[in-house]
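Welcome, and please take a moment with the sequence and the 3D view below. We will begin with one pair of packed helices and work outwards from there.

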Amino acid sequence: MINVKNWLIILLVLIIILSLYSADFITLDNVKNNEKYIRYFISNNYFFSVVMFFASCILFINSPIPLAAVLKVLGGFFFGFYLGAFYNIAATLAACLIGFLISRYSFNKIFKNRYSDKLDSIGNEIEKNGFYYFLSLRLVMVVPYFLINILGGISRISFKKYLLSTLIGVTPASLIYANGGNQLDHIHSIKDLFSFDILVSLIIVVVITLIPVFLKKNNVIK
């Protein structure tokens, strides 16, 4: 009988294979060219379309194929800003939790057995300040989410802290993507969504989230 660990590994492999297979079809240009047909399908199959949106986000957020951002822009384009933002946040949160659980129950023991001595000090640090580290990683949007999910799973961060840091951390980007969906006619790539002002604002927020870690290390707060 295949145990849970093996099932999770199989699931991860399937996610990567499916994302590779569908990567060529999900582009902003393809969507623009087929907008009429997609909107007609959504209007006649709304619930199924939302389910497919969630499934696609879960697929690509846990895959090294960088198409999750495109999907979240399309969420705002087809569902409107408010519902698009809500679906973006909910789907991203679900995807990150699934990736976290796959990592924690499939890879955690492997890393502990092989690198327990080297990772012990890092593990203690993440156990104490993991909320701030993972929150900053989500906000800065430099490290791919699938890697953050894996790191979260093999670290000592509690599920509660991981959940809260993820919920807060993915919200700004989800709102930006949903808003970008409303302006899709003027957007040619994901880079167009992030102006200099937005990037500077995100960096400032990241610095602020790491201030408690700095204060703890210098015994200013406990």
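Start with helix 5 (residues 68-79) and helix 6 (residues 81-106), whose axes come within 7 Å and cross at roughly 145°. Here axes are lines fitted to C-alpha atoms, for helices over the stretch in contact, and angles run from 0 to 180 degrees between N-to-C directions. The crossing of these two helices, helix 5 and helix 6, is right-handed; a crossing has that name if the near helix is turned clockwise from the far one by less than a right angle, and is left-handed if anticlockwise.

Which residues do the touching? On the helix 5 side they are K72, G75, G76 and F79, and they meet F81, L83, G84, Y87, N88 and T92 of helix 6. Contact means heavy atoms within 4.5 Å. Sorted by class, the contact of helix 5 with helix 6 has four nonpolar, five polar and one charged residues. In this sorting Ala, Val, Leu, Ile, Met, Phe, Trp, Tyr, Cys and Pro count as nonpolar, Asp, Glu, Lys and Arg as charged, and the others, Gly among them, as polar.

A word on the source: this is a predicted model, in which local features need pLDDT of at least 70 and side-chain atom pairs count only at pLDDT 80 or more, while totals for chains, interfaces and linings use all residues. Residues are numbered from 1 along each chain as its sequence is written, and side-chain values use heavy atoms, with hydrogens and water left out.

Now step back to the whole protein, which has ten helices and zero strands. Helices (H or I, at least four residues) and strands (E, at least two) are DSSP runs, numbered from the N terminus. Of the 222 residues, 41% are buried. Buried means under 20% relative accessible area, exposed over 50%, and partly exposed in between (1.4 Å probe, protein chains only). Among contacts between residues at least 6 apart in sequence, 81% join residues at least 24 apart.

Helix 4 (residues 46-61) has 16 residues, which at 1.5 Å a residue should span 22 Å, and its end C-alpha atoms are indeed 22 Å apart. The expected span is 1.5 Å times one less than the number of residues. Its buried residues are S49, V50, F53, S56, C57, L59, F60 and I61.

F53 links helix 4 back to the pair we began with. Leaving aside neighbours within four places in sequence, F53 is in contact with L71, K72, G75, F79, Y87, N88 and A91. F53 and N88 are 35 residues apart in sequence and 9.0 Å apart in space, C-alpha to C-alpha.

Here are four residues with their relative accessible areas.

| Residue | Place | Relative accessible area |
|---|---|---|
| F53 | helix 4 | 7%, buried |
| E35 | helix 3 (residues 35-44) | 25%, partly exposed |
| M141 | loop between helix 7 (108-140) and helix 8 (145-154) | 25%, partly exposed |
| I203 | helix 10 (residues 196-217) | 48%, partly exposed |

E35 also reaches across the sequence: apart from neighbours within four places, E35 is in contact with F77 and F78. The C-alpha atoms of E35 and F77 are separated by 9.7 Å, with their positions 42 residues apart along the chain. I203 and L139 lie 64 residues apart in sequence and 8.1 Å apart in space, C-alpha to C-alpha. As for M141, its phi is positive, about 55°, although M141 is not a glycine.
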